[in-house]
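Visitor: I should like to learn how to read helix packing, sheet topology and residue burial from a structure. Could we work through an example?

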Amino acid sequence: MTTPLHEDDDQTAAEYVLGTLPLEDRTAAARRIGQDPAFAAAVRAWEDRFAALNDDYAEAPAPDLLPAIEARLFPAPPPKPRRFGWLGWLSGAASAAALVVLVSLALPIGQPALVTEIVAANAAFQYEARFDGTRLVVRRSEGAAAPAAEVHELWIIAPDQAPVSLGLLGDAPLEIDYPIPPEGWVLAISLEPAGGSPTGAPTGPVLATAEIRS
């Protein structure tokens, strides 16, 4: 349907071409272009008049908004928690070892004993592990025990082997039958739920490590 144009209609056509109409009016004008040939002709006339103005401006490339739109509509799923096998855990232990102070002190020759101090990276605790040839005694020499509902668990790791639990570390010393391990073996302390690791393998963060040295 054609509606006779008024002066206001011609002004609306001009503002439509200039892009100065409010959204509601612009939407109505766009709809009218498809329905009112006279109004559409007015819009084309204003487009022709203003076309010369574009010659003074270089064409600006349209921004590539597609990646940002896709990222907003289809956000990447959060990374899944990494599950470490014992090799990964040992790797973590190696990282922790870089932060802790490792001190291994062999007793005088003739005494088949070895003392190793296991110090947490943040100095929150320190344990002394004493091997006398047949027994291992581990006691906390400094710092605090594990937080409530958690416990420190002691592990020994032979080269290329999985960690083996030696027991839980509490206020009382841990005493077990155990020979002096070979040089290069590693003692590690992880933080586990009360009662110890539920899997038989380390599940918590590595808090401290100490390599056996002669």
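Guide: The following turns take up these topics one after another. Please bear in mind that this is a predicted model.

Visitor: At what angle do helix 1 and helix 2 pack?

Guide: Helix 1 (residues 7-18) packs against helix 2 (residues 23-33) at about 105°, and their axes are 10 Å apart. Angles of 65 to 115 degrees count as roughly perpendicular, so helix 1 and helix 2 are roughly perpendicular to each other. Helix 1 contributes D9, T12 and Y16 to the contact, while helix 2 contributes R26, A29, A30, R32 and I33. By character, the residues of this contact divide into 4 nonpolar, 1 polar and 3 charged.

Visitor: How should a sheet be read, and what is the strand order in the open sheet of 4 strands?

Guide: Strands of a sheet pair through backbone hydrogen bonds, either parallel or antiparallel. Here the order is 6-5-8-9, with antiparallel pairing. Strand 6 (164-169) and strand 9 (206-211) are the edge strands, each pairing on one side only. From one strand to the next, the twist averages 25°. Strand 5 (residues 150-157) is joined to strand 8 (residues 186-193) over 8 bridges in the antiparallel sense, and L154 stands opposite I189 of strand 8.

Visitor: Is Q126 buried or exposed?

Guide: Buried means under 20% relative accessible area. Q126 has 14%, and therefore counts as buried. Q126 belongs to strand 3 (residues 125-131). Beyond its neighbours within four places in sequence, Q126 is in contact with E117, I118, V119, R139, R140, S141 and E142.

Note on methods
Residues numbered from 1 in each chain as written. Predicted model: local features only at pLDDT ≥ 70, side-chain atom pairs only at ≥ 80, totals over all residues. Heavy atoms only, no water. Helix = DSSP H or I, 4+ residues; strand = E, 2+ residues; numbered from the N terminus. Buried < 20%, exposed > 50% of the residue type's maximum accessible area, 1.4 Å probe, protein only. Contact = heavy atoms within 4.5 Å. Axes fitted to C-alpha atoms, helices over the stretch in contact; angles between N-to-C directions. Parallel < 35°, antiparallel > 145°, perpendicular 65-115°, else oblique. Nonpolar A, V, L, I, M, F, W, Y, C, P; charged D, E, K, R; others polar. Pairing = 2+ DSSP bridges.
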